Amino acid sequence: MGIMRHMLTDRSEALTEIIREITEALDNAPPGKLRASNHKGKNKYYIRSCTSDRSGKYVRKEDIPLAAAIAQRDYDTSIRKMAEQELAAIRNLQQAWDGGTIEEVYDKLTPSRRGLVVPRFISDEEFVRQWLAEPYQQLGFKDGAPRFYSANGLRVRSKSEALLADMYDSYKIPMKYECPLRLWNGRVVHPDFTLLNVPERVVFIHEHFGLVDDPVYMKQVVRKINDLQLSGWYPGINMIMTFETRESPLDMKLVCTLVERFLL
């Protein structure tokens, strides 16, 4: 799915939900019309029972909640109208649009023609292919190190990392394991996973910190997190962090929530 189609779908779903919520609220909204004025810096409100009632009944302090409910009803009505108009425009665009994007034009060329042009835009599939094809050097493993593997045969350093690799594969998230990253101070680190948010074409890193109940280990963790942030990697923006202790193992339900929030 192209970026624009992804955005239109998300916006359409959000508008549909807003319309549903407001419609339910309006079913219980009070009748009447609200007139508001300001006299010497003090707000005054009047409730009109019908359009012919031009003045309305003055709203006393104890009746302010009723005035607020009417004002909220009028606001919600305007929001629903605007949301319905925007949703209709999006649906018209989706129906009129054949679904093609400029990013897909290159993919439709014959291989011989591709060799003659420089693509101005590339599809998500081609972008992923090129990203995964970039060479990099993993850390490697010391002799005698424990052997842990994901279902696809990727060797990792722990059972938790194997679970994470399997989960990313299940979500079809493009992934690199221990890809080198140069920090602000010139030091090179190897984040556990380097990941690609395909719809937005944003690179994330995922650092999993095990045994955070070990004080010595935690000193290294704090230094690494600080250095990553100084280098432009921020939790919730382009970095995911997970933690575990001996008594609190990795929460895979939480990880799934993070993936769906930041990577899909």
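## Salt bridges, cores and a small sheet

E17, R20 and E24 are tied together in a network of salt bridges. That is one corner of a predicted model, and a search of the whole structure turns up twelve salt bridges. Let's look at some of the others, then move on to the nonpolar cores and the sheet.

Start with D124, which pairs with R201 in a salt bridge whose closest N and O atoms sit 3.0 Å apart. This one links distant parts of the chain: D124 belongs to helix α5 (residues 124-133), while R201 is in the loop between β9 and β10 (202-209), 77 residues apart. How buried or exposed are the two ends? D124 has a relative accessible area of 9%, so it counts as buried. R201, at 24% relative accessibility, is partly exposed.

Next up is D227, which has a salt bridge to R187 and another to R223. The D227 and R187 pair again links distant parts of the chain, with D227 in helix α7 (residues 215-230) and R187 in the loop between β7 (181-182) and β8 (188-189), 40 residues apart. The D227 and R223 pair stays inside helix α7: the two residues are four apart, about one turn of the helix. D227 is buried, with a relative accessible area of 8%. Its partners are both listed as partly exposed, R187 at 29% relative accessibility and R223 at 49%.

Here are the N to O distances for these pairs.

| Salt bridge | N to O distance |
|---|---|
| D124 and R201 | 3.0 Å |
| D227 and R187 | 3.1 Å |
| D227 and R223 | 3.8 Å |

Now for the nonpolar side. In soluble globular proteins, nonpolar side chains tend to be buried together. The largest nonpolar core here holds 19 residues, and those with the most contacts inside it are Y168, F193, L195, I240, V259 and L263. Which elements give two or more residues to this core? They are α6 (159-171), β6 (175-177), β9 (193-197) and α8 (252-262). Helix α6 supplies the largest share, five residues.

Y168 is a handy place to zoom in. Setting aside its neighbours within four places in sequence, Y168 is in contact with I173, M175, F193, L195, H206, I240, V259 and L263. Apart from this core lies another one, made of seven residues, including L183, V189, L228 and W233.

Finally, the sheet. Three strands form an open sheet in the order β1-β2-β3, with antiparallel pairing. Which strands are at the edges? Those are β1 (33-39) and β3 (57-58), each of which pairs on one side only. Strand β2 (residues 42-48) is joined to β3 by two bridges, and these two strands run antiparallel. Along that pairing, I47 stands opposite K57 in β3.

A helix goes with this sheet too: α2 (residues 64-96) lies across β1 and β2, running at about 110° to β1.

Note on methods
Residues numbered from 1 in each chain as written. Predicted model: local features only at pLDDT ≥ 70, side-chain atom pairs only at ≥ 80, totals over all residues. Heavy atoms only, no water. Core = buried A, V, L, I, M, F, W, Y, C linked by side-chain atoms within 4.5 Å. Buried < 20%, exposed > 50% of the residue type's maximum accessible area, 1.4 Å probe, protein only. Contact = heavy atoms within 4.5 Å. Pairing = 2+ DSSP bridges. Axes fitted to C-alpha atoms, helices over the stretch in contact; angles between N-to-C directions. Salt bridge = Lys/Arg side-chain N within 4 Å of Asp/Glu carboxyl O.
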